[in-house]
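Here are some exercises to work through with the model open beside you. Try each task before you read its solution.

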Amino acid sequence: TWASVVGLGALRAGCGYNLTGTTEVFGIVSDAPAQAQGLMTVDWGERLIQLGGPSQCGGDTLLWLLDLLGRVDGAAALEALLEGPRDAEPALFLPYLQGERVPFWDPSLRGAFVGLNRRHGATDFAWAVIEGVGFLNRLVLERAEAAAGLRVAEIRYGGGGATSRHWPQVKADILGRPVVLTNEAEHGPLGAAIAAWTALGRFPDLAAAQDALVGIARRCDPDPTRTARYDRLFPLFCAAGEALAPIGRGLAAAGP
């Protein structure tokens with residue numbers, strides 16, 4: 001995972017990183033030591049500090065939804081769902097189906113749809129799920145930036161989620177930052193090679209190696225209108241998580 005951050009070209013101060021696989025990995029890179037409650041700190045040397053870590057939600061959360069809806073064709077089914085009509089009234093989703101790691105480290109948290117009405121359907125559920133994962137990313141981003149005392153310029157994005165037509169743009173809109181996708185699909189091996197070549201003296205430092213070897217495929221800039229809408233929804237997502245956490249813990253304790 002950490003090598004993938006290098007392979008994204010994200011191991012540079014003022015940059016964020018996001019990998020979407022079975023679960024999410026999200027964080028920022030700072031040039032000064034920083035710590036934040038619930039986040040992991042990784043010191044790479046060369047005044048490069050990663051602040052963030054892995055969640056329990058991500059691609060597997062979408063697979064759960066598709067299975068629940070009886071959609072068996074994976075990514076294509078998700079894209080088709082997201083193209084469907086949405087209700088004007090949003091629904092929220094807490095993506096804590098397996099508890100949560102960063103930033104809560106609480107295995108007893110539970111997922112929930114909040115604010116459902118009679119008009120909501122499969123498309124609304126799909127949007128709520130990918131938005132819920134994005135809101136968790138934003139929670140980590142805000143906590144990391146506050147601790148590091150900086151605002152990242154962009155988020156480098158990779159993993160299976162980066163192949164989606166919708167997910168990179170949703171993340172850009174929720175986070176209010178450009179989301180940048182790279183040419184290389186296998187970020188881990190590339191990042192390991194970059195680190196090795198730098199250590200062997202092929203490049204003067206990691207920044208130069210990343211500049212030389214990581215190519216940019218496309219950039220998703222946040223849409224101001226959608227970002228403003230997510231700015232209104234994000235506090236409700238946080239409030240719903242706080243309100244329902246005791247109920248989730250109670251349900252977990254009530255199990256066999």
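**Exercise 1. Find out why Cys-220 has no bond to the closest cysteine sulfur.**

Solution. Start with the distance: the closest cysteine sulfur to that of Cys-220 belongs to Cys-15 and is 15 Å off, which is too far for a bond. A disulfide, after all, is a pair of cysteine sulfur atoms within 2.5 Å. Next, look at the surroundings: Cys-220 has 5% relative accessibility, so it counts as buried (buried is under 20% relative accessible area, exposed over 50%, partly exposed in between, with a 1.4 Å probe and protein chains only).

Before going on, a word on the ground rules. This is a predicted model, where local features need pLDDT of at least 70 and side-chain atom pairs count only at pLDDT 80 or more, while totals for chains, interfaces and linings use all residues. Residues are numbered from 1 along each chain as its sequence is written, and side-chain values use heavy atoms, leaving out hydrogens and water.

**Exercise 2. Work out how many disulfides the structure holds, then check Cys-57.**

Solution. The count is zero. Cys-57 is in no disulfide, and its nearest cysteine sulfur, in Cys-238, lies 13 Å away. Cys-57 is also buried, at 1% relative accessibility.

**Exercise 3. Place Val-179 and list what it touches.**

Solution. First, locate Val-179 in strand 8, residues 179–182 (strands are DSSP runs of E, at least two residues, and helices runs of H or I, at least four, numbered from the N terminus). Val-179 is buried, with a relative accessible area of 1%. Then gather its contacts (heavy atoms within 4.5 Å): setting aside neighbours within four places in sequence, they include Ile-155, Tyr-157, Pro-168 and Cys-220.

**Exercise 4. Describe how helix 2 and helix 4 pack.**

Solution. Take the angle: helix 2 (residues 59–68) and helix 4 pack at about 165°, with axes 10 Å apart. Axes are lines fitted to C-alpha atoms, for helices over the stretch in contact, and angles run from 0 to 180 degrees between N-to-C directions. The two helices are therefore roughly antiparallel (over 145 degrees; under 35 is roughly parallel, 65 to 115 roughly perpendicular, the rest oblique). Finally, pick out the partners: Thr-61, Leu-62 and Leu-65 of helix 2 meet Phe-125, Ala-126, Val-129 and Ile-130 of helix 4.

**Exercise 5. Do likewise for helix 4 and helix 5.**

Solution. The axes of helix 4 (residues 122–148) and helix 5 (residues 167–175) come within 9 Å and cross at roughly 45°. That makes helix 4 oblique to helix 5. Among the residues making the contact are Trp-127 of helix 4 and Trp-167 of helix 5.
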